[in-house]
Amino acid sequence: MITRHNNGVFIKNGREILGESAISREIATKNTMAQKILSAHNKPADDDLLHIKFDALASHDITYVGVIQTVRAAEKDFDKFPVPYVLTNCHNSLCAVGGTTNSDDHAFGLSAAKKYGGIFVPPHVAVIHQYVREEIAAGGKMVLGSDSHTRYGALGTMGFGEGGGELVKQILGRTYDIPQPEVVGVKLTGAPRPGVGPQDVALALIGEVFADGFVKNKVLEFFGPGIANLSMDFRMGIDVMTTETTCLSSIWETDSKVEEFYAMHGRVRDYVAISPGDVAYYDGLIEINLSEVVPMIAMPFHPSNVHKIEDMEALRPDQGVIAGCAGGLYESICGAAEILDGRGVAMPLSVYPASQPMYLALMQNGVTARLMREGAILKTAFCGPCFGAGDVPRNGGFSIRHVTRNFPNREGSKPNMNQSAEVALMDALSIAATAANGGVLTPATRVLEQNANVPKYFFEAEVYAKSIYKGTDKPDKSVELIYGPGIRDWPEFKPLGENLLLQVASLITDDVTTTDELIPSGETSTFRSNPYALAEHTLSRKDPEYVGRAKQSKEWARIAQACADSSSPCPPKGECLHDCWCKDIPVLSDAARVLQNFGQTIPSDCAVGSLVYARKPGDGSAREQAASCQRVLGGLANIAIEYATKRYRSNLINWGMLPFILPENPPFEVEDFIYIPNIRSAVEKREEKIPAFAVSKNGAVTPFALELPLTPAEAEILLAGCLINLYSS
């Protein structure tokens, strides 16, 4: 099914593996589709990095308020989005939780689109990625989105999912700075058998490459004769799931089917024929024989926990969901309807078409009626089932879903309230087959002897023309932003101190820590536009004591700073250990005394804060709140063996938190202190080895070294204290 080549290979015409090549590796590397597009968008500088300017931006309603608020804080006279910027409302479409919060944010988004010249997609009209596919993606272009599943490679567009800080840089005229990424080829051959859908191929790929990080921060480039055997929905269904491999982006060769897609959407001018050069060099190769792929299931709690459905048939799910940018596609829904015809559903089954134009087409060709007659429930475009805001199963329940993720609690349960449920990922076809077979887990290959009959899709652009505000290049300075009571400005953040004393506020030893564990999704998103309220939920499902510890460190920092800033350094009742560390904070003065005995004297202006240790944090969502919430609570650093994704590390830096690396086991525990002297000087010089001292609760001191590789631009942000400080200075 899948063959992997871990070493570099030369590929001729996107088809033949060459044992050797007359073309040099340097030249052949430039013949990949990815490098051609990256080079066309690069603004060269005097370093080895790429400095990318994107053609369009996209955010949904968990992230766009934070992006715009950051832009406004960084540049007081900001007046126009420089490129098309799409603001969709597909994550917080419901208003059942949080009072008027969702509607308030939507009003803010529409006012911002009018004021600065953006595109506003109202709730229930389209999920973010389907709208970009239909209206924004274009051959050879690049799109940056504040959602991790920003992937449009099947349309010849390179999509990158990042935290909001990276969008802020683009909006304010800066660049996206990355090392030249490696490119891994994905050669597709054969054709899927009836009953195999895009999620099956995607899960097989994720299961092959996730665990060892084979494609981490690399670009996946799809080519080969098998592509011609895939419809556009099938390609897009695979492509959007490449995020779960931890790759940086993706790109596919394009053909007549891609051209037809653009033509169908009234944008034939946006089609560009894209393919690798005659001989292209790849840093690795994955060969997938589509004919050998079988229906797959990703068991809880990760898309890489992949098995064949035929090996798990004893399971009986409680519900099924087909939704969002991965599952809610036209062809998947039509296929599900064909499987269910005359059979009915033996379990609750919810279907969410990914856009209103798609919903209209399904109504006109009778698919929605067929689904409803069999007992399926049709709902509007909404991403909620992917992050715990829709179709929450019962406690102890088991849900099968064609969505993008099945991390813990992304189905909406709350373990801190003794609730727990599980989600497995499957393709829409096998979900329908399961629902039609008495609720017994069933691969769709048992039901479909030939490919489902999919009625031709007709896109009606009028649906969008009458519902969406399109203000690109039409900013109106007279428009006032509409603020609700839940929208708060960012707090002030101080520049990086010369020395740091950090308490370990949380220590997580899991192999991987997801963004959802750092800041839970679901109902906590009610507070997404209020940094203070949202921060109260940081690590609430992983380490409920974290917020209290972080707040205590923040209060110590306030007292110590006031003491250092005062002309008479100590409060009247305190006695100085030395210049300013007063007895009003015994735990700090004790740490200072121990360090002084070890030959390390803490200076009077030492910055105090907290840190989080996790072995491999940041898998999953691009939501920058995973970092900004720590910063709001006084966090100044993370320590990790490695960071699961480039985007989480970037979020830390953009919010002024040091992304330390510690390859060996930590010499500290929760509530121990870490003293890092001369850190500001080290960052200024971009020193990669940072001396540090762990002070245990019993008074022992352990010297150790942290690693901190930084680019000049990253160092500049950290020295300023955050992106806002740097750009507003």
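## A cis peptide bond in a loop

Phe-301 sits in the loop that links β16 (296-298) to β17 (306-308). The model is a predicted one. The peptide bond leading from Pro-300 into Phe-301 is cis. Its omega is near 5 degrees.

## Positive phi outside glycine

Asp-473 has phi near 65 degrees, a positive value in a residue other than glycine. Asp-473 belongs to the loop between β23 (469-470) and β24 (500-508). Its relative accessibility is 54%. The cut-off for exposed is over 50%, so Asp-473 counts as exposed.

Glu-671 also has a positive phi, near 80 degrees, and is likewise a residue other than glycine. The loop here runs between β29 (658-661) and β30 (673-676). Is Glu-671 exposed or partly exposed? Relative accessibility is 36% for Glu-671. Values between 20% and 50% are classed as partly exposed, so that is the label for Glu-671.

## A six-stranded open sheet

Six strands form an open sheet. Their order is β9-β8-β5-β6-β7-β23, and the pairing is mixed. The edges are held by β9 (158-161) and β23. Each edge strand has a single partner strand, so one side of each is left without a neighbour in the sheet. Edge strand β23 is also one of the two strands that flank the loop holding Asp-473.

At the β9 edge, the neighbour is β8 (residues 142-145). The two strands run parallel, and four bridges join them. In one of these pairings, Met-142 has Met-158 of β9 as its bridge partner.

## A helix across the sheet

Which strands does helix α5 lie across? Helix α5 covers residues 128-135 and lies across β5 (56-59), β6 (85-88), β7 (119-121), β8 and β23. Against β5, helix α5 runs at about 155 degrees. Among the strands that α5 lies across, β23 stands at an edge of the sheet.

## A buried threonine in α4

Thr-101 lies in helix α4, which spans residues 101-116. Is Thr-101 buried or exposed? Its relative accessibility is 14%. Buried means under 20%, so Thr-101 counts as buried. Leaving aside residues up to four places away in sequence, Thr-101 touches Thr-526 and Arg-528.

How values were computed:
Residues are numbered from 1 along each chain as its sequence is written. This is a predicted model: local features need pLDDT of at least 70, side-chain atom pairs count only at pLDDT 80 or more; totals for chains, interfaces and linings use all residues. Side-chain values use heavy atoms; hydrogens and water are left out. Buried means under 20% relative accessible area, exposed over 50%, partly exposed in between (1.4 Å probe, protein chains only). Contact means heavy atoms within 4.5 Å. Two strands pair if DSSP finds at least two bridges between them. Axes are lines fitted to C-alpha atoms, for helices over the stretch in contact, and angles run from 0 to 180 degrees between N-to-C directions.
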